[in-house]
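Got the viewer open? Set it to cartoon, keep the selection box handy, and we'll walk through this one stop at a time.

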Amino acid sequence: ISRVGASPERPGIVHRLDRGTSGVILIAKDRTTHELLSKAFKGRKIKKEYEAIVWGSTPVKGRFESTIGRDLRDRRKMSSHTKDGRLAITDFQTLKATGAFSHVALFPYTGRTHQLRVHLTENKHPIVGDTLYGPSRPPNFEKLSPLFQAALDGLSDTLLHARRLQFVHPVTGEALCIEAPHPPLFEKFLDFLRNFDKAAK
């Protein structure tokens, strides 16, 4: 992933990630490109794809739609329980589901702060490792195999990954698809899910 900035005085970050989220970020190399890409994001012309590992078994596919704003009780968080919420839409598809975890692909149509984390948590599938919005341990933690318990105890990041950005370069007109591979920790948990039946015995 290229991380070239415009200058030390004006970094050209167009698309950033929450702390602890892995994956693609987008940085423009000059002011004009930065402004055009920012406009493209606001116009919803850039397709974003995320992946997450969440608690519980999610439906095959669906859509989350709500208004999101600052939580009325905890100012660190965003929530649909707010006075000044803005529309937030996320489509999702389940890639693998077990009784304890699911691996989901997420396609946010809007770009509200903490949107994916809020949508998943408020639909009872918080992201594994997200201690701000979800539990540090699920209710069924003691029923998991020692392998899973050890992995969860050592988890320090949210298992949310910005997998892909697709857009047309605003200057050259080139169709671009920028992808980021899973980081080692995310891939480790995917291995657990692929072998869940064996590991749970």
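Here is a short tour, from the overall view down to a few side chains.

**The whole chain.** Keep in mind that this is a predicted model. In cartoon view you should find five helices and 10 strands. The radius of gyration is 18 Å, close to the 17 Å that the globule rule gives for 201 residues, so the protein is as compact as a globular protein of that length. Along the principal axes, the C-alpha atoms fill a box of roughly 55 × 40 × 30 Å. Switch on a surface and you are looking at about 11,400 Å² of exposed area, with carbon and sulfur atoms supplying 49% of it. Of the 201 residues, 45% count as buried. Among contacts with a separation of 6 or more, 62% link residues 24 or more positions apart.

**Strand 4.** Now select residues 47-55, which make up strand 4. How many of its nine residues are buried? Eight of them are, leaving the strand mostly covered. Add residues 160-168 to the selection: this is strand 9, and it pairs with strand 4 in the antiparallel sense over six bridges. For a landmark, find Glu51, which stands opposite His161 in strand 9. Then bring in strand 8, residues 101-108. Strand 8 also pairs with strand 4 in the antiparallel sense, again over six bridges. Here the landmark is Ile53, whose bridge partner in strand 8 is His103.

**Val104.** Stay in strand 8 and click on Val104. Is it buried or exposed? Its relative accessible area is 1%, under the 20% cut-off, so Val104 counts as buried. Show its neighbours as sticks: leaving out residues up to four places away in sequence, Val104 touches Tyr50, Glu51, Ala52, Val54, Thr58, Gln93, Thr94 and Leu95. If you like, draw a distance from Val104 to Leu155; these two are 51 residues apart in sequence and 19 Å apart in space, C-alpha to C-alpha.

**An aromatic stop.** The structure holds three aromatic pairs. For one of them, select Phe64 and Phe92 and turn the view until you see the rings edge-on: the pair is stacked, 4.6 Å centre to centre with 15 degrees between the planes. Phe64 sits in strand 5 (residues 61-70) and Phe92 in strand 7 (residues 86-97), so the pair ties together parts that are 28 residues apart in sequence. Both rings belong to buried residues, with a relative accessibility of 9% for Phe64 and 8% for Phe92.

Notes: Residues numbered from 1 in each chain as written. Predicted model: local features only at pLDDT ≥ 70, side-chain atom pairs only at ≥ 80, totals over all residues. Heavy atoms only, no water. Helix = DSSP H or I, 4+ residues; strand = E, 2+ residues; numbered from the N terminus. Buried < 20%, exposed > 50% of the residue type's maximum accessible area, 1.4 Å probe, protein only. Contact = heavy atoms within 4.5 Å. Phe/Tyr/Trp six-rings, centres within 6.5 Å; stacked < 30°, edge-to-face > 60°. Pairing = 2+ DSSP bridges. Rg over C-alpha atoms; globule rule 2.2 N^0.38 Å. Areas by Shrake-Rupley, 256 points an atom, 1.4 Å probe, with all protein chains shown as cover.
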